[in-house]
Amino acid sequence: MTIIRALFCRCRDGDGDGDHRCRNSLPCLLDPAQRSTMYLKVALVMLHLIFIGVLFLFYGNQTTIHPWYVGMYLLLFVATIAQYFFTAGSSPGYVLDTMRTINETNALARTSLVSKQPATSKNGNIVITVDHREAGRNLLGSNELSWTKLVMDLYPPGAPCRAWTCPYCNVLQPPRAKHCHDCDKCVLQFDHHCVWLGTCIGQGNHCRFWWYICEETTLCLWTCILYITYLQANILKSCYLIMTNQTTFELVRRRRIAYLRGIPGRVYPFSKGICKNLYNFCFSRSTLYGMERLPTAQELEEKSRPYTCLNILSCRCC
């Protein structure tokens, strides 16, 4: 157990940089929140694979589907899965990361200004000498002040800093930023925290998230249409056989069966009406196997007569 903790949770024992690298490279499997997020991702991908796999089992023996149609569907499927992982791995735009980037940019700019103290050597070349420790000490305070000034310029004049400071991150929040309690970070233009993606949706990945939603919606609608088409072509045929009291063999080989050869196609000799056929098939159960006799010529003539309004009212079809 100690070895597992050392492999997967080295981020807890290291410094801040090790913590950041561990979270970005490998989810901490001993962290319940990250573990549940990983399980949700695996479940979502497995659901996609199961639905697509069953769909190909249904349509595997059919040759009427064009290859370009299958190719477009598979292309959409791969693009949706790829977009899902791209969105899940993208940064929503954390306030701390933005502040760090701005401070580093300001520090480089100030360092370059401090470093421009030329001295001429004997051979005429320019030699640059900089005391980086002294410059770093001078920039520590200026970085914080530059971020504060940058954010406070976005608010109306006279607004206090404490009113816009996050009590959890202790950082000054720009407008539209909000602290996410799931990520434990402040997010720029916070939209929501998506549990299926395992990340926040904010300024950095909002557009990518909506592209994923559009692709996922299109894939789901297309898959539903394919399932409904298959059910209409197969399940309804089974219901038709039950309501007319036929077998698949009698439907397919009707002209080759001797006792059905002379009977018109719209006449079902063993039908007792839709309601009774459904009842006998679904509810009538007996330990003895029943055998049905062939209908007489008079009964066939009765069954071959077209239905009228009076027949419908008298429930002849039932």
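Which residues does Thr244 touch, not counting residues up to four places away in sequence? This report answers that, then turns to two loop residues. The model is predicted.

## Thr244 and its neighbours

Thr244 touches Tyr268, Ser271 and Asn277, once residues up to four places away in sequence are set aside. Thr244 itself sits in helix α7, which covers residues 206-244.

The side chain of Thr244 also reaches back to its own helix region. It comes to 3.4 Å from the backbone oxygen of Leu241. Is Thr244 buried or exposed? Its relative accessible area is 9%, and buried means under 20%, so Thr244 is buried.

## Arg176: a loop residue with positive phi

Look next at Arg176. This residue lies in the loop between α6 (132-152) and β3 (178-180). Its phi is near 75°. That value is positive, and Arg176 is not a glycine.

How does Arg176 count for accessibility: buried or exposed? Its relative accessibility is 63%, and the cut-off for exposed is over 50%, so Arg176 counts as exposed.

## Gln189: another positive phi

Gln189 has its place in the loop between β4 (185-187) and β5 (192-194). Its phi is positive too, at about 50°. Gln189 is not a glycine either.

What is the relative accessible area of Gln189? The value is 30%. Buried ends under 20% and exposed starts over 50%, so Gln189 falls in between and is partly exposed.

How values were computed
Residues are numbered from 1 along each chain as its sequence is written. This is a predicted model: local features need pLDDT of at least 70, side-chain atom pairs count only at pLDDT 80 or more; totals for chains, interfaces and linings use all residues. Side-chain values use heavy atoms; hydrogens and water are left out. Helices (H or I, at least four residues) and strands (E, at least two) are DSSP runs, numbered from the N terminus. Buried means under 20% relative accessible area, exposed over 50%, partly exposed in between (1.4 Å probe, protein chains only). A polar contact is a pair of N or O atoms within 3.5 Å; within protein, one must be able to donate a hydrogen and the other to accept it, and residues adjacent in sequence count only if both atoms are side-chain atoms. Contact means heavy atoms within 4.5 Å.
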